[in-house]
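Colleague: I would like to request a close look at a single part of this model, namely the open sheet and the helices that lie across the strands. Please describe how these elements are arranged.

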Amino acid sequence: MNFLSGEQLAKNLGERILFEELDISINKGDKIALIANNGTGKSSLLKILAKEDDPDIGVVRYGKNIRIAYLSQEANFEENLTIQELIDYSSSDVLSIIRSYESALNAQTNNFNTETQRIFNQATIKMDQYNAWDYERKLKELLSRFNISDFNQPIASLSGGQKKRLAISLTLLNNPDLLILDEPTNHLDLEMIIWLENYLKKSSISILMVSHDRYFIDSICNQIIELNQGKLQTYNGDYAYFLEKKNYLETAQATEIEKAKQLYKKELDWIRRSPKARTTKSKSRIGSFYKTEAKAKSGTKEKELQLSVKMNRIGGKVLELKKVYKSYKDLIIIKGFDYTFKKGERIGIVGKNGTGKSTFLDVIMGIEPADSGKINRGDTIVFGYYSQEGIKNIKPNKRVIEVLKDIADVITLANGSKVSASQLLNQFLFPPQMQNQQVSKLSGGEKRRLYLLTVLMKNPNFLILDEPTNDLDIITLNKLEAFLEDFGGCIIVVSHDRYFLDKVVEHIFIFEGNGVIRDFNGSYTEYRLCLDSKKHNKNYTQKNLKKTEKKKDIKAKLSFKEKYEFENLEKEIEHLEKEKTKLEFLISENSDNYEFVNEKAKILDQLIKDIDTKTDRWMTLSEY
């Protein structure tokens with residue numbers, strides 16, 4: 001079943017062509033990711049397909065009775081409303097149907113006749129179709145899952161993450177046939193992203209989304225559409241398949257272009273000899289020449305983002321935090337945090353929204369004062385701080401070139417060469433025609449790329465990045481990851497992008513709330529595997545406890561000694577599990593002490609063997 005089809009779609013932004021002559025089709029069961037560079041009109045295309053905007057040229061046709069729900073990048077709500085008032089006054093399809101039903105019920109109650117009964121019956125059918133009978137209960141259940149429980153809270157008091165979660169809840173409960181999502185994971189913490197990922201993966205809703213989260217795309221989507229140079233290329237598979245197929249197509253295309261170039265040179269010599277196109281053969285050869293010329297010149301490579309800046313030398317002392325405390329009234333952010341950063345260390349910070357991750361970075365930078373404790377920064381350390389709020393400091397009425405010239409006219413690159421502000425902008429995919437534009441005319445991703453450039457051009461040796469992946473396209477992300485992998489300085493990065501964390505960091509700080517910050521020595525995926533392993537062990541123990549209780553109700557055919565052993569094994573296993581957890585924590589806390597880790601690792605190995613032996617024995621006895 002065809003949900004929608006767009007034909008010959010075109011959209012301009014002033015004098016700037018976003019896209020033209022685009023054809024797109026979405027069918028039932030499609031789960032599509034739209035991938036493109038920033039500034040190419042991804043969000044604009046989504047708005048057109050979601051009926052939020054009109055194309056300059058072209059037409060979009062929709063299937064009969066197709067319900068579409070659209071989630072924009074930023075949630076725009078009436079700030080003076082409460083959450084409950086927003087729900088009551090929402091113009092969503094489901095709520096409109098509920099109001100129509102209530103109106104029809106009221107009309108039939110007050111004036112029962114054939115017409116009011118007909119309207120009431122139609123409204124009842126609609127309620128069934130949209131499964132709207134317990135809408136408010138389902139909405140509040142979903143909001144509760146998204147950690148929103150105070151429905152009298154004003155919209156103005158909500159954080160960006162809370163607004164995004166509220167918008168997602170309202171969008172999902174519209175019961176759409178087609179869900180159009182623009183960067184759905186922005187402002188969500190990792191737990192919420194994983195929940196949304198699992199929900200969409202299991203759902204039968206068709207999806208068209210723009211997202212920079214590659215794990216999210218790979219888990220959900222069965223089709224990738226790439227918008228490149230104003231054209232759409234479809235790949236029927238997940239993100240991993242897209243990368244493989246794209247590389248194959250680019251290699252094949254490069255081979256064809258190279259052959260065309262060789263033939264073009266040969267044919268150009270023939271054309272220059274001015275053949276008289278009198279015969280059919282000559283005319284045919286001239287026609288073929290122009291086709292070959294077009295093919296040979298089609299291989300102009302897109303200018304790639306160049307990330308290359310000089311890094312200042314790092315001395316012996318980097319950054320040291322001693323017994324640092326920070327709180328806002330009753331909200332504890334940091335409680336007695338100790339850590340000494342080493343050269344080249346790269347740390348990722350994860351945790352739920354509101355646990356103080358951004359405040360922690362502000363304390364390190366001295367933007368927010370610590371309540372107590374010491375923060376010692378090395379004399380040679382030059383911080384580059386990419387904050388969530390920093391982008392707001394770039395004045396929208398300034399020209400792009402002026403933003404850089406306010407910092408420096410000439411910049412030194414990693415290889416020692418010097419370039420002008422204009423040349424550096426060109427390397428960051430801001431061609432000359434864009435450099436004189438006002439910042440306000442840039443897309444969200446382009447503004448972030450410009451802000452990233454202002455951070456890097458100060459030649460930092462300690463990068464602190466707070467959600468750097470938001471609004472960046474995947475191509476820019478790949479370049480940023482490659483740059484950070486080669487970066488010789490220290491890195492602290494707060495991110496909800498699991499792929500990005502796995503590529504960039506080797507160590508994790510987990511913000512658990514109430515000032516508790518755990519330290520895990522490993523990648524993000526290793527941390528998740530460790531969490532899952534602990535959950536599995538806990539569930540296994542609980543399952544065994546239930547089995548034990550059940551067995552106790554039945555008279556077991558065991559000797560007195562075996563019965564005594566059976567009853568004590570569970571306690572012993574539980575005690576060993578606790579010892580194992582404590583030991584794992586100690587090893588993680590002292591990961592830089594090789595002798596300590598080596599000694600404790602041997603004890604941990606023996607503990608695991610003891611747990612396995614006692615578990616096997618318990619299972620043997622439990623059979624009786």
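Modeller: In this predicted model, helix α16, formed by residues 474-486, lies across β12, β17 and β18. The direction of α16 makes an angle of about 145° with that of β17. A further helix, α11 (residues 357-365), lies across β12 (346-351), β14, β17 (462-466), β18 (490-494), β19 and β20. Relative to β14, helix α11 runs at about 150°.

The strands beneath this description belong to an open sheet of six strands, whose order is β14-β17-β18-β12-β19-β20 and whose pairing is mixed. At the edges stand β14 (383-386) and β20 (516-520), each of which pairs on one side only. On average, neighbouring strands of the sheet are turned by 15° against each other, with direction ignored.

The pairing that involves the edge strand β20 can be followed in detail. Strand β19, comprising residues 507-513, runs antiparallel to β20, and five bridges join the two. Within β20, I517 is the residue that stands opposite F511.

The helix pair α3 and α4 may be set beside this part. Helix α3 (residues 93-110) packs with helix α4 (residues 114-129) at an angle of about 150°, and their axes are 9 Å apart. Angles over 145 degrees count as roughly antiparallel, and α3 and α4 are therefore roughly antiparallel to each other. Their crossing is left-handed. Residues making the contact include I97, Y101 and L105 of α3 and I119, F120 and M127 of α4. Classified by residue type, the contact of α3 with α4 has 10 nonpolar, five polar and one charged residues.

Terms used:
Residues are numbered from 1 along each chain as its sequence is written. This is a predicted model: local features need pLDDT of at least 70, side-chain atom pairs count only at pLDDT 80 or more; totals for chains, interfaces and linings use all residues. Side-chain values use heavy atoms; hydrogens and water are left out. Two strands pair if DSSP finds at least two bridges between them. Helices (H or I, at least four residues) and strands (E, at least two) are DSSP runs, numbered from the N terminus. Axes are lines fitted to C-alpha atoms, for helices over the stretch in contact, and angles run from 0 to 180 degrees between N-to-C directions. Contact means heavy atoms within 4.5 Å. Angles under 35 degrees count as roughly parallel, over 145 as roughly antiparallel, 65 to 115 as roughly perpendicular and the rest as oblique. A crossing is left-handed if the near helix is turned anticlockwise from the far one by less than a right angle, and right-handed if clockwise. Ala, Val, Leu, Ile, Met, Phe, Trp, Tyr, Cys and Pro count as nonpolar, Asp, Glu, Lys and Arg as charged, and the others, Gly among them, as polar.
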